[in-house]
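This report describes the salt bridges of one protein model. The sequence and structure are shown first, and the description follows.

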Amino acid sequence: MGLASSTPKASSNNPASKEKMTNTKDNKVEEVKESEEISKAFAAVAGVRKEVDKLSERIAALEVAVNSGTKVTDEEFVVPAELLMRELLKLDGIGAEGEARLQRKAEVRRIQKYHETLDKLKTINSNPFSDKHKAVSVTTNWETFDS
């Protein structure tokens, strides 16, 4: 009869080995979950970007109309402003890290810029007799929050 070795082998019967395998599997599952969350964030930001692109065309058309002296109804400013705010709220609901967060931030700034443009156009439109070069410019100082 031979003597049995008292040193543990790195086999599936070894509890330490099982723990390492479990931790590795847990880490891979976490990495996959994080990757899925990042992908969802990128997709959500891309969806918002697509909607804002459509609105930007509408705002550009308003800009041409107002700058050419055409009187535009207030509703033509209110509707795109409300739609921009909806997109801003969508962005606010997106939890993102890393590059996705940077894209979300850039899109927020873009929406804010379009909103300011609408405000300026509305001011010009409300007083078409004023000299456009001496018009008062109203800007919004947006407070930013890190999330």
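## A pair within helix α3

In this predicted model, R110 and E107 both belong to helix α3, where three residues, about one turn of the helix, separate them. Their side chains form a salt bridge, with 2.6 Å between the closest N and O atoms. R110 and E107 are both buried.

Shared partners link salt bridges into one network that joins R49, D53, E107 and R110.

## A link between two helices

R110 also forms a salt bridge with D53, and here the closest N and O atoms lie 2.3 Å apart. Because R110 is part of helix α3 (residues 98-126) and D53 is part of helix α1, this pair ties together parts that are 57 residues apart in sequence.

The relative accessible area of D53 is 33%, so D53 counts as partly exposed. The cut-off for a buried residue is under 20%, and R110 falls in that buried class.

## A pair within helix α1

E51 and K54 form a salt bridge through their side chains, at 3.4 Å from N to O. Both residues lie in helix α1 (residues 15-67), three residues apart, which is about one turn of the helix.

E51 has a relative accessible area of 31% and is therefore partly exposed. K54, with a relative accessible area of 48%, is likewise partly exposed, since exposed residues are those over 50%.

## The overall count

How many salt bridges does the model contain by the rule applied here? The count comes to five. Among them are the pairs E51 and K54, R110 and D53, and R110 and E107.

Methods: Residues numbered from 1 in each chain as written. Predicted model: local features only at pLDDT ≥ 70, side-chain atom pairs only at ≥ 80, totals over all residues. Heavy atoms only, no water. Salt bridge = Lys/Arg side-chain N within 4 Å of Asp/Glu carboxyl O. Helix = DSSP H or I, 4+ residues; strand = E, 2+ residues; numbered from the N terminus. Buried < 20%, exposed > 50% of the residue type's maximum accessible area, 1.4 Å probe, protein only.
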